[in-house]
Amino acid sequence: MALLEIENLNFRYLDSEREVIQDFSLSMEHGEVLVLAGPSGCGKSTLLRAINGLIPHMYQGEYKGRVVVDGMEVAKSEMRALAQKVGFLFQNPENQIFMFSVERDIAFGLENLGIPRQEIRERVDNAMRLLGITNLAKRAPHELSDGQKQRVALAGVLAMDPKLVILDEPTSLLDPLTARELVYAIGKINKEKGTSFIIVEHRLDLVVTVADRLAVMYEGKKIFDDRPEKVLLECDVEPYGVLVPAVTKLQRQLSRQGIPLPRRLLAPEELPVELGV
Amino acid sequence: MIEFEKVTFVHQSGVKALQDVNLRIRKGEMVSIVGENGAGKTTLVKHIIGLLKPTEGRVNVFGKDTRDASTAQLSRMVGVAFQNPDHQLFCETVEEEIAFGLKNFGFSPDVIEKRINWALGFFGLEKYRKNPPITLSGGEKKRLTLACILAWDPEVIILDEPTVGQDAIQKEKLSEIVRMLNSMGKTVVIVSHDIEFLWPMQPRVVVMSSGKIVADGEASSVMNDSYLLEKARVTQPQLIRLYNSMKRKPQRPFRDVFDAERHIMEALSVRTG
């Protein structure tokens, strides 16, 4: 059974004239990492809401089609039950962390579910270990740097043990090295725990290194959905507001001029070696 | 034009946010400020418009010590688009938002009307003229903040993390705006983590770390110092990494993809020809 099944989804908000999501279908297997790209206002946020249940449970509108997460149909399930399947990390971690210590913050969601103390302890410790923040356990979240806060918020999401984690532009507020560390952590969690991720990002250079798929959305429709190297090297994605990393763009241009190059995404250090220049 | 002389700033909590900062920005320059989260970049910017005053040292803007000038006076010459537009937008409608600064600086009603039309058109915000700014998307709010500032035509434009939440098309447009303003003789200061956005514009690069300026120079030299960048938690632009992995390097790193493509095609044709 697929982890996520979106079948011919159409959605129009009550107060909007047009459908924000149009005939959108997407299927994701357990353990996949999917990057979702597309210009501002293309319907990405709406799609995410339709996956975690905010649509149709909190936002009203005209809803057609079906979204099924791990066998549970979103429109027919309670938000509470969905929250255990799908975790959500916002762009700004300050919207998400609020307790007096990091470990209390991570435990918060679990306490609400009435999980036994011992199990909470184990899950919190494990989440902190995966994100390399065990040393921050007793610290107050508001004293931390943005990158640390982002990791605390993600640990809180992971402790709930969701099958799918959605990240909305997780690196936009982070300095480049911190962003790279967060992306490494995502890759590691995916490998160790088999957690699936949907990452919404404009900046692709970092996230494509851990992605299995890249989907591009434009005006509520899915335009491309394939392995990242296929989409970035074989399609013209720029008109759809997707920023192709500089070296990938170069690799694509050179391939198009008939220069033989591998069909995988080459790192900046690899391209000259492949070319022999 | 903007001068920091041995500036130290200590927060009320005792945290030293700036430490012995010396910086001189000249008219018409394009300067980028990079560095880790919490390095003091925004604190530095706040000193330029007098929102913060140095604990020690001096900040001079257009020959005026910021201690002797109001933020309103300084803002006429220096427009800042802060990272979070929500802290800057507060009017009932988009057009009032743009008019606000213009009215405060005493522009006449017909000039205000013209400038509003120009700004809305330039940033593609006409359709929101009568809408409340809070209903715009994050990217649109950022463009509105910039529209408000450009409307009163300051000499210096400071952009704090302008690319956050902007897609490829908007980033391209932003990059064009920055180059255009700079070619008109405006001084542009960009605080940004987005190295790939900054690199093709080849600005002067100031690197900050723990409240200090640790490097200051041309993009091609500062961005080539991987040891220094790592310490300031900045990554190298992809095109520099590519350049450094080449056997026979051209004289200077590639500015953009076209530059790199041209060079590589030449190198390949020499080899096969």
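Start your tour by selecting B:Arg233, which is partly exposed at 23% relative accessibility. It just misses the buried class because that label is kept for values under 20%. Keep in mind as you click around that this is a predicted model.

Stay on B:Arg233 for a moment and look at its backbone. Its phi is near 60°, a positive value in a residue that isn't glycine. That's worth a pause, because most residues other than glycine have a negative phi. To place B:Arg233 in chain B, show the helices: the residue sits in the loop between helix 9 (226-231) and helix 10 (238-244).

Now bring chain A into view alongside chain B. Colour the residues that touch across the two chains, and you should have 37 from chain B in contact with 41 from chain A. B:Arg233 belongs to this picture too: along with B:Asn37 and B:Gln238, it is among the residues of chain B that lose the most area to chain A, and the three together make up 19% of what that side buries. How much area is buried between chain B and chain A? About 3400 Å², with carbon and sulfur atoms giving 60% of it.

Next, hop to another loop in chain B and select B:Asp153. You'll find B:Asp153 between helix 5 and strand 7 (156-160). Here is another positive phi outside glycine, this time near 55°. Is B:Asp153 buried or partly exposed? It is partly exposed, with a relative accessible area of 38%.

From there, step back into helix 5 of chain B, which covers residues 138-151, and pick B:Thr145. B:Thr145 has a relative accessible area of 4%, so it counts as buried. Which residues does B:Thr145 touch, once those up to four places away in sequence are set aside? Show B:Ala81, B:Pro85, B:Gln88 and B:Leu89, and you have them.

Move on to helix 6 of chain B (residues 168-183) and select B:Ser175. With 11% relative accessibility, B:Ser175 is buried as well. Ignore its neighbours within four places in sequence, and its contacts are B:Phe197 and B:Met201.

Time to cross over to chain A. Zoom in on the peptide bond between A:Ile55 and A:Pro56: it is cis, with omega at about 5°. That makes it another spot to linger on, since most peptide bonds are trans. A:Pro56 itself is part of helix 2 (residues 54-57) of chain A.

Then zoom out until the whole of chain A fits in the window. In cartoon view, look for 11 helices and 10 strands. The radius of gyration of chain A is 20 Å, close to the 19 Å that the globule rule gives for 277 residues, so the chain is as compact as a globular protein of that length. Turn the C-alpha trace around, and along its principal axes it spans about 60 × 45 × 35 Å.

How is chain A put together inside? Buried residues account for 56% of its 277 residues. If you take the contacts in chain A with a separation of 6 or more, 62% of them join residues 24 or more positions apart.

Finish on the outside by switching on a surface for chain A. About 11700 Å² is exposed, and carbon and sulfur atoms supply 48% of that. Colour by charge for the last stop: chain A has 34 positive and 40 negative charges, and their mean positions are 2 Å apart.

Notes: Residues are numbered from 1 along each chain as its sequence is written. Chains are lettered from A and ligands numbered from 1 in the order in which they are written. This is a predicted model: local features need pLDDT of at least 70, side-chain atom pairs count only at pLDDT 80 or more; totals for chains, interfaces and linings use all residues. Side-chain values use heavy atoms; hydrogens and water are left out. Helices (H or I, at least four residues) and strands (E, at least two) are DSSP runs, numbered from the N terminus. Buried means under 20% relative accessible area, exposed over 50%, partly exposed in between (1.4 Å probe, protein chains only). Contact means heavy atoms within 4.5 Å. The radius of gyration is taken over C-alpha atoms; the globule rule is 2.2 Å times the number of residues to the power 0.38. Accessible areas come from the Shrake-Rupley method with a 1.4 Å probe; for residues, only the protein chains shown count as cover. Lys and Arg count as positive and Asp and Glu as negative; His and the chain ends are not counted. The place of a charge is taken as NZ of Lys, CZ of Arg, CG of Asp or CD of Glu. Buried area is the accessible area (1.4 Å probe) that two parts lose on being put together, summed over both.
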